[in-house]
Amino acid sequence: MPNFVGNLTQKYSYRQYFYHQIVGGLFGIALLLELPGLPVQAQSDLSPGFPKDRPEALSESSSKNSPKASPEDYPQLCQNPDQNSSQSSSQSSDQPDLTALVHPDTGERASHWLLSTSNWIANPEIAAAQFIQELGTQIVIQANISPWPTIHQQARGARVPVIMYHDILPDKEVFFDVTVEEFKQQLESIRQAGATPISLDELMTHLETGKSLPPKPILLTFDDGYAGHYKIVYPLLQDYNYPAVFSIFTDKVEGKIVGRSRLTWAQLREMAADPLVTIAAHSITHPPDLTDLPDVQLEQEILQSKKILEEKLGIPIRYFTYPEGKYDERVTAWVKAAGYRGALTMDDSENRFSNQSKSLLAIDRFGQSGLSQALEQAWGGLQLSAWQAAFDFDAPVVKSEITLEKFP
């Protein structure tokens, strides 16, 4: 009589072995690509629903790889620059504390992730399908990256506003100031509109690859480093769980430029340690027009401001904000030479979506007075095609209209 049980067990073992080999190989590829979904960072006191470690905190300072600039060679310096918490002394065992190990993107506890892993081992077909789906998405993104600093063509169709603020204080002193009550109302308007504030890293990935963003994405930025940014803005951002960019010119923090209120280095270090916050360089002295400066001064304002912030804050500074929004090809060449990934600008005469920008080194912004228009028109763009095992009948129907030379 045939041994049906033995034959079935043998076939099942072969099948399991085959899928285990696939999962192992895909897991290795995932590590090389640094795919999301792996618990790679231990962190205590995690804020619910938000990562405690930003991508740039896991990489080496860009200053180590930045080309050395000089006034003679700035036009040739056009290379792409983008190429744990302490252990508790109360631990009585050498075993790792799994309650402190969390997913870097979702905050999922290690125990949950380990349970998922055990399910993958028991059902390797599911694991293989999940990895293939994730790899497919990443391959689509990587294949769609435009040459830096060009904005991806698919991203051109989206409308992602970058909102620019300056000082937030109880009473206005100049016309572009915003009062505390006005700012609270604007944050509430963002929430009620169903908009999703994003980080500058997320915007850059979108502009580089065409990867879609949430339906109503918006980026908040605050220039110059006023005391109100720490005392008023930062606590409110934490309450709403909204990310933002703070552009700092270092002489103001040092107290060398007197006048209005300023942040301190201690306050900046606290803010920079929060994943909600991205710090951008905004020069050293905030000159009114960088295009008027000789190359020796441009090197100081653009390269040295980056170096000072990195040394004081202990983080890589990957973005630059042009003072007064003014730049030209020569200024942009120094921004490239410094190793920045992107740069923010502004135009007092016109609000433009980031997708309309000239390049990643000249990302346009809205003045805060244009927030209503920005919220009404914001759109995250078309979804990139993902690998699917079958037709997705639940996918939303999207109509895309293109006009060429005034003909739809």
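A residue counts as buried when its relative accessible area is under 20%. Keep that cut-off handy for the tour. One more thing before you click: this is a predicted model.

**Stop 1: P275**

Select P275, in the loop between α8 and β9 (277-281). Is P275 buried or exposed? Its relative accessible area is 13%, and because buried means under 20%, P275 is buried. Now add S199 to your selection. P275 and S199 sit 76 residues apart in sequence, yet their C-alpha atoms are 9.3 Å apart in space.

**Stop 2: the whole chain**

Zoom out for a moment. The protein chain has eleven helices and twelve strands. It has 408 residues, and 46% of them count as buried. Its accessible surface comes to about 22000 Å², with 54% of that belonging to carbon and sulfur atoms.

**Stop 3: helix α5**

Next, select residues 200-209, which make up helix α5. Why can we call α5 largely enclosed by the rest of the structure? Because eight of its ten residues are buried. Colour them if you like: L200, D201, L203, M204, H206, L207, E208 and T209. Step just past the end of α5 and you'll meet G210, which takes a positive phi of about 80°.

**Stop 4: charged pairs**

Side chains of opposite charge can pair when their charged atoms come close. The count of salt bridges here is 15, so let's visit a few.

Stay in α5 and show D201 together with R341. They form a salt bridge, with their closest N and O atoms 3.3 Å apart. D201 belongs to α5 and R341 to the loop between α10 and β11 (342-344), so this pair ties together parts 140 residues apart in sequence. D201 is buried at 10% relative accessibility, and R341 is buried at 7%.

Now pick R365 and D223. The closest N and O atoms of this salt bridge are 3.0 Å apart. R365 is in the loop between β11 and β12 (366-367), while D223 is in strand β7 (residues 217-223), so you're looking at a link between distant parts of the chain, 142 residues apart. Both R365 and D223 are buried.

For a group rather than a pair, select D167, E173, D177 and R260: these are linked in a network of salt bridges.

**Stop 5: helices side by side**

Two packed helices are described by the angle between their axes and the distance between the axes. Try it on α9 (residues 295-313) and α10 (residues 329-338). Their axes come within 9 Å and cross at roughly 40°, so the two helices are oblique to each other. α9 passes α10 in a right-handed crossing. There's a salt bridge to find here too: D295 with R330, closest N and O atoms 2.8 Å apart. This pair links α9, home of D295, with α10, home of R330, across 35 residues. D295 is buried, with a relative accessible area of 17%.

Then switch to α6 (residues 227-240) and α8 (residues 265-272). These axes come within 10 Å and cross at roughly 25°, so α6 and α8 are roughly parallel to each other. Their crossing is left-handed.

**Stop 6: out on the surface**

Last stop: select V174, F175 and F176. Which kind of surface patch do they make? A nonpolar one, of about 310 Å². Click on F175, in the loop between β4 (168-169) and β5 (178-179). Its relative accessible area is 73%, so F175 is exposed.

How values were computed: Residues are numbered from 1 along each chain as its sequence is written. This is a predicted model: local features need pLDDT of at least 70, side-chain atom pairs count only at pLDDT 80 or more; totals for chains, interfaces and linings use all residues. Side-chain values use heavy atoms; hydrogens and water are left out. Patches are made of residues with over 30% relative accessible area and no salt bridge: like charges are joined within 9 Å, nonpolar side chains (Val, Leu, Ile, Met, Phe, Trp, Tyr) within 5 Å. Accessible areas come from the Shrake-Rupley method with a 1.4 Å probe; for residues, only the protein chains shown count as cover. A salt bridge is a side-chain nitrogen of Lys or Arg within 4 Å of a carboxyl oxygen of Asp or Glu. Helices (H or I, at least four residues) and strands (E, at least two) are DSSP runs, numbered from the N terminus. Buried means under 20% relative accessible area, exposed over 50%, partly exposed in between (1.4 Å probe, protein chains only). Axes are lines fitted to C-alpha atoms, for helices over the stretch in contact, and angles run from 0 to 180 degrees between N-to-C directions. Angles under 35 degrees count as roughly parallel, over 145 as roughly antiparallel, 65 to 115 as roughly perpendicular and the rest as oblique. A crossing is left-handed if the near helix is turned anticlockwise from the far one by less than a right angle, and right-handed if clockwise.
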